[in-house]
Amino acid sequence: MSLIIKNLHAETDGTEILKGLDLEIPRGEVHAIMGPNGSGKSTLAKVIAGHEDYTVTEGSVTMDGVDLSGLEVDERARAGLFLAFQYPAEVPGVSMANFLRAARQARLPEGEEIDAVAYYKELYEKMDLLGIDRKFTSRSVNEGFSGGEKKRNEVLQMMMLEPVYCVMDETDSGLDIDALKVVAEGVNAMRSPERGFLVITHYQRLLNYIEPDHVHVLAGGRIVRSGGKELAHELEAKGYDFLKEGELAPA
Amino acid sequence: MEAVLESGSVLETAPAALEGVPGWFNELRQAGWKRFGELPMPSRRDESWRFAKLGQLEFDGVHLAAEQPPPGHRGAPGLQKRAARFGFVNDTLTEEESNLPDGVICLPLKRAMAEHPELVRAHFMQRETKLGSAKFAALHQAHVSNGMFIHVAAGVEVEDPIEVFHWLEGDHIVAFPHTLVVTEANARVSVVDYFQSDQKARGAWAVAVNDLVAGPGSQLNYLVLQDLCDEARMIQVNTTTVDRDAAAKAFILNAGAAWARQESLSLLEGEGSRSDMLAVSIGRARQEYDQRTFQHHASPRTFSDLLYKNTLYDESRTVFSGLILVDEGAHYTDAYQTCRNLMMSDEAEANSMPGLEINADQVKCSHGSTASTIDEKELFYLEARGIPPQSARQLVAQGFSVEAIARLKNEALEELVLSFAAREFGRILGAS
């Protein structure tokens, strides 16, 4: 039971960004992907989620044996995939409560209605855990939220939707240390043998709080190095310059 | 009930004298009929009918209702908490319920004329129709037979809204709904006017007049919920006058009708007065909403804010024409006007004609109108949470209206409007 990315090639506007990416994330593990700007990190997240601006030209992404290429964005999400956005969209006029409710409702069989009382109870518990004011339920999704509030909100959604595989795209960007800790606590609370994580980040800092089982370096659209969590520290110390100097070790 | 010619349209039917009303009222009706005859039908050359589809002014075979409807409620369930409720079917009173504090007159027009003749006469049809439908206001004056008269005495605050249901019933019938609301000094009231019909009201018309008179320091909130059947049409002429330090807030929801035109004139007569003009229109199929507005600042330190939001599906169409006029001497005025269109289809059409005329100093004014399509980033975000594309589009479109609805700043009224909007969006989602 894994999220398996095999020889993935993807392009946008005729430019190839991912050039044969291989990665396997078994349930129960946290994998971190690090890499310099422009290496294809965010593209990978969007391709896994099924964003229409990207075309997969070769290779595959399968989730517990299901080929995602046959699934639309919403179908992938309902099948157990979650993308925590680097820049979560603001959706004016759609309240947090209604938005999450619609997302939960979409997971129920047709004709079945959400138990509103249980839903709100659960929502409030999780908001308390993440230190999100309950007033946020009536606010429009992400509208006027600070950077930290947006990221907490991403984790709240992840908690409410209980995905099997979580792809977190630079969740640490724009966060101060306190917000980072809260977000990491939320993620750690969700770690389980039944759930896999792909944590995309530019900096090692996040990995102090979310300890990965494996670390991969993405450059030029491919995984160029893999290792344990010590690889993150090495990158933090030496930077990504080794990529230029041809010290590439095969993945 | 009036005598009705079998074949003639209402445009060719002179009003008969009504029984049980004061003489001046019958005279007013005759004067309205005369004026109707004198005024020309709108033409292509009229600036105030620019972009309008004049073919919508179709009155062939449109007649006054002859039958007496049985009593009872028609239309939406409305509000749980209300101060009063009155219902009219084709202008005949069919329900009344009232739980109002002392100092409030809230009566069907006929009864109000009998009990408070001078008060009604002082305010009834006193304002000139300036935004294009003078001929139809005259037709209304000729045939108006009932309506609501609401008068709130000085210092009286009515907590819950007053509901008025105008129901059209029958093929090619016409009604002339009339709602007149007067607040004296420091009074407060909210009135909701529902315009609905049965599905058989094909070719039916509502030619409505609504006057709001907000006395000094008073607060007057007025809502129109227009959800007529798809083959009915409506014109509503509204005039709002706002006295010193008073605040008037008007909200219009368009969900139904083949064609609806609303003319809203806010006259900021007293220093420090405020007018909020809000509207949400949800067009589908070949529906058309034609809205003409006038923010007239006649005194210093007056404030007006207009926000109209249209969501257009299929081949629906809107026309918005808005003028801000700041009179000489109306210094320190703030006037804002925004009309936004969300285009949900390539075939939909939005026409906007904003206008601004400033004759005073120290004035803050702005106007803007936009037409945009749904934001793909928002859709992707919702879909990435498992919400199917159709529902995601519906959520975003519905959310677009909320900015105007939230300005009601009254939870019960916001919920009421949202329930109508949600039903309309549900209808659209169901049809797609």
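I began with strand E3 (residues 30-34) of chain A, which five bridges join to strand E10 (residues 196-201) of chain A. The two strands run parallel. I looked up Met34(A) and found Thr201(A) as its bridge partner in E10(A). I note that this is a predicted model.

Next I traced the sheet in chain A. I read an open sheet of six strands, in the order E6-E9-E10-E3-E11-E12, with mixed pairing. Strands E6 (81-84) and E12 (222-227) of chain A each have a single partner strand, so one side of each lacks a neighbour in the sheet. Neighbouring strands are turned by 20° against each other on average, direction ignored. I then checked helix H5 (residues 147-161) of chain A. Helix H5 lies across E6, E9 (165-169) and E10 of chain A, and runs at about 170° to E6(A).

I turned to salt bridges and found 42 over all chains. In chain A, I picked Arg27(A) and Asp64(A), with N to O at 2.5 Å. Arg27(A) sits in the loop between E2 and E3, and Asp64(A) in the loop between E4 and E5, so the pair ties together parts 37 residues apart in sequence. Arg27(A) is partly exposed at 22% relative accessible area. Asp64(A) is also partly exposed, at 25%.

In chain B, I looked up the salt bridge of Arg284(B) and Glu424(B), at 2.4 Å, N to O. Arg284(B) is in the loop between E15 and E16 of chain B, Glu424(B) in helix H7 (residues 411-431), 140 residues apart. Both residues, Arg284(B) and Glu424(B), are buried. I followed the shared partners and got one network of Asp227(B), Asp230(B), Arg284(B), Arg423(B), Glu424(B) and Arg427(B).

Notes:
Residues are numbered from 1 along each chain as its sequence is written. Chains are lettered from A and ligands numbered from 1 in the order in which they are written. This is a predicted model: local features need pLDDT of at least 70, side-chain atom pairs count only at pLDDT 80 or more; totals for chains, interfaces and linings use all residues. Side-chain values use heavy atoms; hydrogens and water are left out. Two strands pair if DSSP finds at least two bridges between them. Helices (H or I, at least four residues) and strands (E, at least two) are DSSP runs, numbered from the N terminus. Axes are lines fitted to C-alpha atoms, for helices over the stretch in contact, and angles run from 0 to 180 degrees between N-to-C directions. Contact means heavy atoms within 4.5 Å. A salt bridge is a side-chain nitrogen of Lys or Arg within 4 Å of a carboxyl oxygen of Asp or Glu. Buried means under 20% relative accessible area, exposed over 50%, partly exposed in between (1.4 Å probe, protein chains only).
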